[in-house]
Amino acid sequence: MMQRAKILVTQNIPAEAYALLETVGEVDGNHDSAVTWWAEELLVRARGYDYMLCMVTNTIDEQLLLACTEQEPRLKLVANMAVGYNNIDVAAATRLSVIVTNTPGVLSDTTADLAFGLLIATARRMGEAERYLRDGKFSGWRPDLLVGAEVHHATLGLIGAGRIGQIMAKRASGFAMKVLYYNRHRLTQEEEARYGLNYMPLQELLQQSDFISIHVPYSKETHHLISSDELKQMKNTAILINTARGPIVDEKALVHALREGVIAGAGLDVFEQEPVIEPELLTMENVVLLPHIGSASVKTRTQMALIACKNIVAHATGKQPPNVVNPDALA
């Protein structure tokens, strides 16, 4: 009889996902939703498993991978419950023949919904308005009360026009927005026409957009893609939205730009040193802050967990996982 796999889950996932994993192995994990296993604790806990289902909050670096492959059972696959995998040293995993998988596609609509909602909330000062009301300051309607920026017919600049960026463009069409985009590779004319996209170099996009929304993956090339120089290119009425990865934006430069009126506002779902947030951001009324909930719908998070589990189950049953990000490790 084939020995059942040993599987580690680093944070609590939906019950149906655990049930799927239990068809191929013995599952251990962190069932406390309020607790994250940071690097040192994960290094202690992670040894001795065939498979690991991890989150974007877990740092899977070379040190951890070496520790998990030095003895049997050795780690065979890391299933990241996210689209991005910048939290994993993929090169080290490949050298050690550890397969890395992700969960692409499933969260695109949900994240785009959140990004567009964050855009509207920031433009119309919804967070500030709710605090104003809850604090008992509302004494009746007046013409200058918490006036914000128009969204309809404004210009939206997308930095990144992949799946989420394209869906953002579709959302924007309902508000009759003009949509500009900057992408490492320009889309085809058919794709541009389908989503109503107008290509521009980054500098021109920054100068012309009323709202700028970031939808690129995090990498060395996109680290601090938006910093002081880029913020200075933007309109002083512009609003920056980031639901991608925190370090794409230089947070200290953003604080300065918001404080000095270089730009008008920002809506952030991700942060450079997450979960630590630049303290001044917490005091600013022209910022809407969310705790990394871009994909946080019940349906989407369940689908993400199931996809991550299916990658593990496929490998454990002798099949190729469907979402491999380092195919060289398969050899």
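This passage describes the overall build of a predicted protein model and then turns to one helix and two serines.

The protein chain carries 12 helices and 12 strands. A compact globule of 331 residues would have a radius of gyration near 20 Å, and the 22 Å of the protein chain agrees with that expectation. Along the principal axes, the C-alpha atoms occupy a box of roughly 75 × 50 × 30 Å. Buried residues make up 49% of the 331 in the protein chain. Contacts reach well along the sequence too: of those between residues at least 6 apart, 62% link residues at least 24 apart.

The surface can be summed up in a few values. About 16300 Å² of the protein chain is exposed, with carbon and sulfur atoms supplying 52% of that area. The protein chain holds 30 positive and 38 negative charges, and the mean positions of these two sets lie 4 Å apart.

A closer look at helix α11 is worthwhile. This helix spans residues 251-259, and its buried residues are E251, A253, L254, V255, A257 and L258. Their packing partners are two strands that follow α11, namely β11 (265-268) and β12 (287-289), together with α10 (228-233) and β10 (239-242). Where α11 begins, D250 places a side-chain oxygen within 3.3 Å of the backbone nitrogen of K252. Just beyond the other end of α11, G261 adopts a positive phi of about 75 degrees.

The side chain of D250 has a second partner, S227, and the two side chains are joined by a polar contact of 2.9 Å. S227 sits in the loop that runs between β9 (211-214) and α10. Is S227 buried or exposed? Its relative accessible area is 16%, so S227 counts as buried, the cut-off being under 20%. Once neighbours within four places in sequence are set aside, the contacts of S227 are with D250 and A253. A253 is itself one of the buried residues of α11, so the loop serine touches both this helix residue and D250.

A second serine, S297, offers a useful companion case. S297 belongs to the loop between β12 and α12 (298-316), and β12 is among the elements against which the buried residues of α11 pack. With a relative accessibility of 25%, S297 counts as partly exposed, because that class covers values between 20% and 50%. S297 and V151 are 146 residues apart along the chain, and their C-alpha atoms are separated by 25 Å.

How values were computed:
Residues numbered from 1 in each chain as written. Predicted model: local features only at pLDDT ≥ 70, side-chain atom pairs only at ≥ 80, totals over all residues. Heavy atoms only, no water. Helix = DSSP H or I, 4+ residues; strand = E, 2+ residues; numbered from the N terminus. Rg over C-alpha atoms; globule rule 2.2 N^0.38 Å. Buried < 20%, exposed > 50% of the residue type's maximum accessible area, 1.4 Å probe, protein only. Contact = heavy atoms within 4.5 Å. Areas by Shrake-Rupley, 256 points an atom, 1.4 Å probe, with all protein chains shown as cover. Lys, Arg positive; Asp, Glu negative; His and termini not counted. Charge placed at Lys NZ, Arg CZ, Asp CG, Glu CD. Polar contact = N/O pair within 3.5 Å; in protein donor to acceptor, adjacent residues only side chain to side chain.
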